[in-house]
Amino acid sequence: MRITSGMYDKNIYETNNSKLSNKLFDVNKQIASGFKIQYAKGDVRIFAETMMLDNELFGLEQIINSTQSGHKISNQTDVILNEFTKTMTRMRTLLVNAANGTHSDASLDAIANELRVIEEHFKNLSNTSINGQYLFSGTAVDIKPISSDGKYHGNNGSLKSFLGSGSQQQYNISGDQLFFGEEVLTKRKITTNVEQSNVSKKYDFATGTDNETISSPLASKDTIRDFMGDTDDNIDSITNKHHFYLRGTTSNGTSFKSKISMKDTDTVDELLSRIGQAYGNTANLKVVNVSLNSSGQIVVEDKIKGSSKLDFHMVGAVDFDTTGADAANITDIDDLDSGEASFKNIMNTLSTGGIPGLYVKEFIKSGFTSASTGSNPAATNIEGLLHDRTQFSKDGSRLSSNVSQILKDTNAFASDSTKLHEVFSGITYNTDGTYASGLDGKVLKLTGVDINGSNYDVDINLSDAGSTFSVGGNTYDIFNVASVRTGTPAGDLTYKQLMDVVNMVVTNTLPTASPAGTAAQYDAAVKDANAKGGTFLSSDGKINFKELGSTSTEAKLSLYDSNSDDFSGAASVGSFNSNNALTIRDPKTDFFKQLNKMITAVEDHKVYPDASDGSPRNAGIENALTMIDDLQNHISRSHAMVGSQSNALKSSLGRTKLIKISTQTLRSQVLDTDAAEAALTLKKLTINYEAMLLTVGKVSKLSLVNYL
């Protein structure tokens, strides 16, 4: 076969020239761009690996941005809580100064003024924001968390930074957690607020003369005769003539009643021991500590951590008229209302009571009004007799209770859906934990004045067969919300249903038909009542009523167990508003409310609780020191949590940045051109190309003879 010039060009020159030119072009592109490929077709494997690494780098960048944002908030929160700690230390210093007993009224007022400035500073700190986002509002970052009255308006939501697949880190602390958090290691501590004295040091029992200027606070070694008094010098070591009527709640939420009868020669320490036994103390186990403070007031401290249920109320009585029956030995607490609360009047036969010789010892006075209405009289003469039959406090158009409804099992505040048996005492449960009995036949009394100024007296009848409420001679079912509407069994009755009844009664909006009405009429009455007023649970589990469209309601409201006054019967199943002991310590925190209590103690110049003047439920400066210590502990724990969040975010940020660098390095190894290698390849290809051109040039000079 004859080889032609065209065959040579096609088979040797064109083929090699195209290959070498493409390779030279590719190498030049790699050197110019710095990348091994420009498009997926260049190398599918490299392209796929690069896309995967790019996605990972994008995710890492998002993590870094999220973490940096969270870390900034966490750091700022840390700074604010540092200021909290510093300011609380200053506040404690002022309280210690106020408690030393050497200050004049003007000096205490000056301290109180500075404390109010500190309180305002705390509110300003609580409303700190960054770029228009409030630090302590939870997830409601556009809502100012603390209003001027110290109430919280945020939520309990958590803000979290994304740290990777399935990994998040909280970077905020909500105001709900900071200002209302719970310290499960704290033991509840409560106190009476009426100062008690050794009356045998103040009065001559034989002559009746007195010297009330003598300071003689009660001591635990004093006798009951020293405590309650006597009309002569004859000490009766046999007769139990001094009676104490105790009501309370244990740390597990169980209510109890106990009558303690004692002799002249018994000691106050023995009385304190008997009180402890009523709570469940035994020789081998103490569930509460019962003691006296330096003002002779009874202090009860829970030995169980994390419970907010402990409560106390007591009244004492002795009948100095020995000629007849013992008027102090009763079963109905209202019978003591005929007595006299002033020992001086008893000693000087100036008693204004119906039974002149009956002396009634008060332990707690809180300024509450009796629940008395028409056909339902309750103790009204002696305030200290009142326990849970008290009217809700009034503030403009709002009525508020003072007893938080707390679940027995969890110590959490009740909500609308909480069933009464989850809070109430004396309940029996089945083995599977469901309600068995305890509420059947119980009656809650609802008394007061409706928004129109008319008295009401209502029985709320709890029944396992279907609960009802009776008013004005009519009885209405408390309907359930099931497909078949019937009266709700006591074990299923919720706080929402109870509050619906309260709202209908207080707004005077009852079902139209009687005696029971229909479910539709019941629902219509609930709806109409909601248009006039609202009955609801506050954030701390207290029942409130608010009249709509009014700045000052005429309504009055009391809610209590019908057998509250009967010491021959069972203890109350529940309590809603009470003339009870004052709280010194509690696992539940209410930051600004506690601040106000502390400052009020200084403003009222009270070292210890004293119901005789000023705010009757003032805990006193000494107890304020305990409160500030607990608040400092709570803030310290919250601060530590914020610090751990900040450290976790910082650690995550550093780790993510290292991973990003490592990923970028790996991407570079996969995609980036090795400059030295590319240069060497370029040089080799250039030599090859030049060699090819040289060969082609020589071949082109050959004569036709050379092809033949």
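# Exercises on sheets, a ring pair and enclosed spaces

Four strands form an open sheet in which the order is β7-β6-β10-β11 and the pairing is antiparallel; strands here are DSSP runs of E with at least two residues, helices are runs of H or I with at least four residues, both numbered from the N terminus, and two strands pair if DSSP finds at least two bridges between them. The model is predicted, and so local features need pLDDT of at least 70 and side-chain atom pairs count only at pLDDT 80 or more, while totals for chains, interfaces and linings use all residues. Residues are numbered from 1 along each chain as its sequence is written, and side-chain values use heavy atoms, with hydrogens and water left out.

## Exercise 1

Find the edge strands of the sheet β7-β6-β10-β11, and describe what packs on this sheet.

Solution. Begin with the edges, which are β7 (255–262) and β11, each of them pairing on one side only. From one strand to the next the twist averages 15 degrees, where axes are lines fitted to C-alpha atoms, for helices over the stretch in contact, and angles run from 0 to 180 degrees between N-to-C directions. Next, look at β6 (residues 242–249) and β10 (residues 311–319), which run antiparallel and are joined by eight bridges; Thr249, for example, has Asp311 in β10 as its bridge partner. Finally, helix α7 (residues 268–279) packs on the sheet, where it touches β6, β7 and β10, and its direction makes about 155 degrees with that of β7; contact means heavy atoms within 4.5 Å.

## Exercise 2

Work out the arrangement of the sheet with the order β8-β9-β5-β23, and find the helix that lies across β8 and β9.

Solution. This is an open sheet of four strands with antiparallel pairing, and its edge strands are β8 (288–292) and β23, each of which pairs on one side only. Neighbouring strands of this sheet are turned by 25 degrees against each other on average, direction ignored. Five bridges join β8 to the antiparallel strand β9 (residues 298–302), and among the residues concerned Val290 stands opposite Val300 in β9. The helix is α7, which runs at about 155 degrees to β8.

## Exercise 3

Describe the hairpin that β3 and β4 form.

Solution. Strand β3 (residues 160–164) and strand β4 (residues 167–170) pair in the antiparallel sense over four bridges, with Lys160 opposite Gln170 in β4. Two residues lie between the strands, and Gly166 in the turn has a positive phi of about 70 degrees.

## Exercise 4

Classify the aromatic pair of Phe424 and Phe576, and explain why it ties together separate parts of the chain.

Solution. Rings of Phe, Tyr and Trp (its six-membered ring) pair if their centres lie within 6.5 Å, and planes under 30 degrees apart count as stacked, over 60 as edge-to-face and the rest as tilted. The structure holds 22 aromatic pairs. Phe424 and Phe576 are 6.0 Å apart centre to centre with 75 degrees between the planes, which makes the pair edge-to-face. Phe424 lies in the loop between β13 (398–400) and β14 (428–429), whereas Phe576 lies in the loop between β22 (556–561) and β23 (582–585), so the pair ties together parts that are 152 residues apart in sequence.

## Exercise 5

Describe the largest cavity and the second largest pocket by volume and lining.

Solution. On a 1 Å grid over the protein atoms alone, a cavity is a set of points where a 1.4 Å probe fits but cannot get out, and a pocket is an open set with protein on both sides within 12 Å along at least five of seven lines; lining residues have an atom within 4 Å of a point. Points are joined across faces, edges and corners, and a volume is the space filled by probe spheres set on them.

The largest cavity has a volume of about 80 Å³, and α12 gives the most to its lining, with three residues.

The second largest pocket holds about 700 Å³ of space. Its lining has 27 residues, of which Val194, Glu195, Gln196, Ser197 and Lys361 lie nearest the centre, and β11 gives the most to this lining, with four residues.
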